Amino acid sequence: MPELPEVETTRRSFADRIAGATVSEVRLGKPLRWPLGCEPDALRGARIGTALRRGKYLWLPVGSGGLLLHLGMSGSLAFGEQAAPPGAHDHFDLVTDRGTLRLTDPRRFGAVVWSSAIDAPPAATLLARLGLEPFDAAFGGEHLHRALRGRRVAIKQALLAGDIVVGAGNIYACEALFRAGIDPRAAAGRVGRARCDALADALRLILAQALDLGGSTLRDFRDAHGMAGSFQRHAAVYGREGQPCTVCGTPVRRIVQGQRSTFFCPRCQRR
Ligand SMILES: [Zn+2]
């Protein structure tokens with residue numbers, strides 16, 4: 001599943017090239033998660049602005065409004081001057097005078113939705129429940145500690161929910177908890193302030209590493225999943241069940257929390 005670093009890397013791969021372009025055609029394939037919400041022809045002639053990211057959504061200003069894009073479970077976006085005719089999994093093409101932005105999404109949980117503004121419905125509705133951006137100055141141990149207070153759910157699941165901070169997808173949540181020395185099963189409300197500071201720092205560090213990896217593969221960026229794969233090769237616990245912890249040598253454990261695999265070191269990570 002494309003996570004925040006993949007979405008941000010995708011944004012960087014086309015934002016500069018498409019800004020200022022003019023829409024010549026919008027082509028739709030099979031239905032995505034939600035309908036486009038406007039007539040495709042209504043976008044013809046509209047000018048494109050600078051793409052922004054919020055959580056795992058991208059906002060692309062187009063004419064008097066914009067398009068909110070989400071890659072869902074299996075989507076990827078590519079921008080190219082010479083796009084081949086749409087294939088079976090290409091469900092949205094934004095054809096411009098500078099090239100075509102194409103959403104390829106075999107499972108079709110992705111979405112492209114028209115909104116008159118990012119802070120008006122439907123965009124505002126979809127973005128309303130998102131937590132802080134991890135690199136926002138307002139995010140840190142204090143915010144995390146305050147937001148976790150009173151929550152009985154396991155810390156890993158509180159992170160994954162995305163309403164406190166965005167970007168802590170499964171792989172990144174596991175890695176950040178390992179780095180901060182926190183047992184993923186610990187009750188969220190019982191993680192103290194100092195450990196919240198460590199967790200916030202760890203999450204930023206892990207995401208920055210993932211973004212660096214994305215940046216290094218930016219030139220050939222085609223597949224949003226390739227990046228998670230390359231980050232995984234650097235993972236300390238994720239995907240390493242039974243292998244020795246990189247710090248203490250204890251075998252890494254895998255458990256299931258909320259139907260997702262959690263990897264952790266039973267010795268380095270405390271409740
Ligand atoms: Zn260990």
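Is Q243 buried, partly exposed or exposed? In this predicted model, Q243 counts as partly exposed, with a relative accessibility of 36%. You will find Q243 in the loop that runs between α7 (224-232) and β9 (253-257). Measuring from C-alpha to C-alpha, Q243 and R254 are 11 Å apart in space, with their positions 11 residues apart in sequence.

**The zinc site**

Let us turn to the metal. Which protein atoms are the donors of the zinc ion? They are the SG atoms of C245, C248, C265 and C268, at 2.2 to 2.4 Å from the ion. Along the chain, these donors follow the spacing C-x2-C-x16-C-x2-C. The angles among the 4 donor atoms run from 101 to 113°, and the site is tetrahedral. Two of the donors can be set side by side for cover: C245 is buried, at 5% relative accessible area, whereas C248 is partly exposed, at 27%.

**Cysteines and accessibility**

How many disulfides does a search of the whole structure find? The count is 0. C174, for one, takes part in no disulfide, and the nearest cysteine sulfur to it belongs to C265, 13 Å away. The table gathers accessibility values for several residues discussed here, with C38 added.

| Residue | Relative accessibility | Class |
|---|---|---|
| C38 | 21% | partly exposed |
| C174 | 1% | buried |
| C245 | 5% | buried |
| C248 | 27% | partly exposed |
| F109 | 39% | partly exposed |
| Q243 | 36% | partly exposed |

C38 is worth a second look if you work with thresholds: its 21% makes it partly exposed, because buried means under 20%.

**Helix α5**

C174 also leads us to helix α5, since it is listed among the buried residues of that helix. Why is α5 described as largely enclosed by the rest of the structure? Of its 11 residues, spanning 170-180, 10 are buried, so the helix is largely enclosed. The buried set is N170, I171, Y172, A173, C174, E175, A176, L177, F178 and A180. An α-helix has 3.6 residues a turn, so residues three or four places apart point the same way. Just after α5 comes G181, which takes a positive phi of about 75°.

**A nonpolar patch**

Finally, the surface. Which residues make a nonpolar surface patch of about 250 Å²? M1, M73 and F109 form this patch. F109 sits in the loop between β7 (99-104) and β8 (111-115), and at 39% relative accessibility F109 counts as partly exposed.

Key
Residues numbered from 1 in each chain as written. Predicted model: local features only at pLDDT ≥ 70, side-chain atom pairs only at ≥ 80, totals over all residues. Heavy atoms only, no water. Donors = N, O, S within 2.8 Å, 3.2 Å for Na, K, Ca; no water. Tetrahedral: all angles 85-135°; square planar, octahedral: opposite > 155°, others 65-115°. Buried < 20%, exposed > 50% of the residue type's maximum accessible area, 1.4 Å probe, protein only. Disulfide = S-S within 2.5 Å. Patch = residues over 30% accessible without salt bridge, like charges linked within 9 Å, V, L, I, M, F, W, Y side chains within 5 Å. Areas by Shrake-Rupley, 256 points an atom, 1.4 Å probe, with all protein chains shown as cover. Salt bridge = Lys/Arg side-chain N within 4 Å of Asp/Glu carboxyl O. Helix = DSSP H or I, 4+ residues; strand = E, 2+ residues; numbered from the N terminus.
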